[in-house]
Each structure stands twice: as C-alpha cells, then as structure tokens.
Amino acid sequence: MQRYTNLYWSDGNGGNVRVYEHRVFNGVVLPDCVEVHHLDHDTHNNDPSNLIILSRADHRAEHADDPRPEDIVHCWQSRRWRSQREMARHLGVSEPAVSRALSNAGIPPRKPGPKPPLPTP
Ligand SMILES: [Zn+2]
C-alpha cells in the first residue's frame, strides 16, 4: 500500500504535477517549510478535520513517542493482540504502519486458526 495519497494535475505545458493530497489546503499547495500531521496517524485519512499544520520541529516532537518498527514487531510477537487493528489502537499508530512494520520484518499476516471439527452424530 502507498504511504500517502497522491494528487496529479496537468501543468498546462504537457507535463504533470504530483503533490501529496494532505499538502493541499483550500486549493493551495503548502510550502516545504511546514509539515502536515495526521491527528489519527492514518496517513490516508486526509479529511481536513484530521490534518494540522506544524513546523518541522513541532512535528518531530509530535512523533517522538511513536513506537519504532521493531517495537511494533515485538508487541505483535507477544501475541496479546487478536488483530492488527486492536494493536494499532493500543500503540497509537495506524493500521498501515503496523502492516508495514510486520511485512518489512518478514512476518506474514496471521492466518485464521483451523476450523473446529464437525460434531459426530
Ligand atoms: Zn505527523
């Protein structure tokens, strides 16, 4: 899955402009000196209510407590969580962030267990 949603439009000279959707506010592309933070940590939720503009330093501080990918993997391997969604909520990260950390670590998605045998009549 892509980390962010892209927008494309023609530049009027036969070329294309590509911009991350979350960097467009009221039709204006934000300058590079500011960053956009996704409040719910879901980088695909670009609803205006989910986005705030931060300076680079403030944004870094906002993410200072984020779990590192190895922490996510460790947490998953503890098997305390029934689903990636549940664990993502616990860690305060998005589900895509969890999936990415696990797949980068070579951990396959957990398969559902075997079906219980049918009762014998
Ligand atoms: Zn952020």
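**Exercise 1. Which residues of α2 and α4 meet, and at what angle do the two helices pack?**

Step 1. On the α2 side, look at P69, I72, V73 and W76; in α4 these meet V98, A101, L102 and N104. Keep in mind as you go that the model is predicted.

Step 2. Sort the contact by residue class. The residues divide into 7 nonpolar, 1 polar and no charged.

Step 3. Now for the geometry. Two packed helices are described by the angle between their axes and the distance between the axes. Here the axes of α2 and α4 are 9 Å apart, and the packing angle is about 85°.

Step 4. Put a name to that angle. Values from 65 to 115 degrees count as roughly perpendicular, and α2 and α4 are therefore roughly perpendicular to each other.

**Exercise 2. Work out how α3 and α4 cross, and which residues meet there.**

Step 1. Helix α3 covers residues 84-91 and helix α4 covers residues 95-104. Their axes come within 8 Å and cross at roughly 110°.

Step 2. That crossing makes α3 roughly perpendicular to α4.

Step 3. From α3, the residues to pick out are Q84, R85, M87 and A88; they meet E95, V98 and S99 of α4.

Step 4. Count by class again: this contact has 3 nonpolar, 2 polar and 2 charged residues. For the α2 contact with α4, the split was 7 nonpolar, 1 polar and no charged. V98 turns up in the list of residues meeting α3, and V98 is also listed as meeting α2.

**Exercise 3. Look at the loop between α2 and α3: is R79 buried or exposed there?**

Step 1. R79 is found in the loop between α2 (69-77) and α3.

Step 2. Check the backbone. Phi of R79 is near 60°, a positive value in a residue other than glycine.

Step 3. Count neighbours. R79 has 8 other C-beta atoms within 10 Å, and 12 or fewer means exposed, so R79 is exposed.

Step 4. Try S83, also in the loop between α2 and α3. With 11 C-beta neighbours inside 10 Å, S83 counts as exposed too.

Step 5. Follow S83 to P109: the two are 26 residues apart in sequence, and their C-alpha atoms are 9.8 Å apart in space.

**Exercise 4. Describe how β1 and β2 pair, and how well β2 is covered.**

Step 1. Strand β1 (residues 6-10) and β2 pair in the antiparallel sense, over 5 bridges. Within the pair, Y8 stands opposite R18 in β2.

Step 2. Check the connection. The two strands form a hairpin with 5 residues between them, and G12 in the turn has a positive phi of about 80°.

Step 3. Go through residues 16-20, which make up β2: of its 5 residues, the count of buried ones is 0, so to speak hardly any cover.

**Exercise 5. What do H41 and N46 look like in the loop between β5 and β6?**

Step 1. Place H41 in the loop between β5 (34-38) and β6 (51-55). Its phi is positive, about 65°, although H41 is not a glycine.

Step 2. H41 has 19 other C-beta atoms within 10 Å; a buried residue needs 20 or more, so H41 is partly exposed.

Step 3. N46 sits in the loop between β5 and β6 as well. With 18 C-beta neighbours inside 10 Å, N46 counts as partly exposed.

Step 4. List what N46 touches, leaving out residues up to four places away in sequence: T5, E21, H22 and L51. N46 and R23 are 23 residues apart in sequence and 9.3 Å apart in space, C-alpha to C-alpha.

Step 5. For H37, move into strand β5. With 15 C-beta neighbours inside 10 Å, H37 counts as partly exposed. Leaving out residues up to four places away in sequence, H37 touches I52, L54, H59 and E62.

**Exercise 6. Where do the two domains run, and what separates them?**

Step 1. The domain assignment gives domain 1 as 6-62 and domain 2 as 69-104.

Step 2. Their centres, taken over C-alpha atoms, are separated by 25 Å.

Step 3. The contact takes 4 residues from domain 1 and 5 residues from domain 2. On the domain 1 side, the residues divide into no nonpolar, 3 polar and 1 charged.

Methods. Residues numbered from 1 in each chain as written. Predicted model: local features only at pLDDT ≥ 70, side-chain atom pairs only at ≥ 80, totals over all residues. Axes fitted to C-alpha atoms, helices over the stretch in contact; angles between N-to-C directions. Helix = DSSP H or I, 4+ residues; strand = E, 2+ residues; numbered from the N terminus. Parallel < 35°, antiparallel > 145°, perpendicular 65-115°, else oblique. Contact = placed C-beta atoms within 7 Å. Nonpolar A, V, L, I, M, F, W, Y, C, P; charged D, E, K, R; others polar. Domains from an automatic or database assignment. Pairing = 2+ DSSP bridges.
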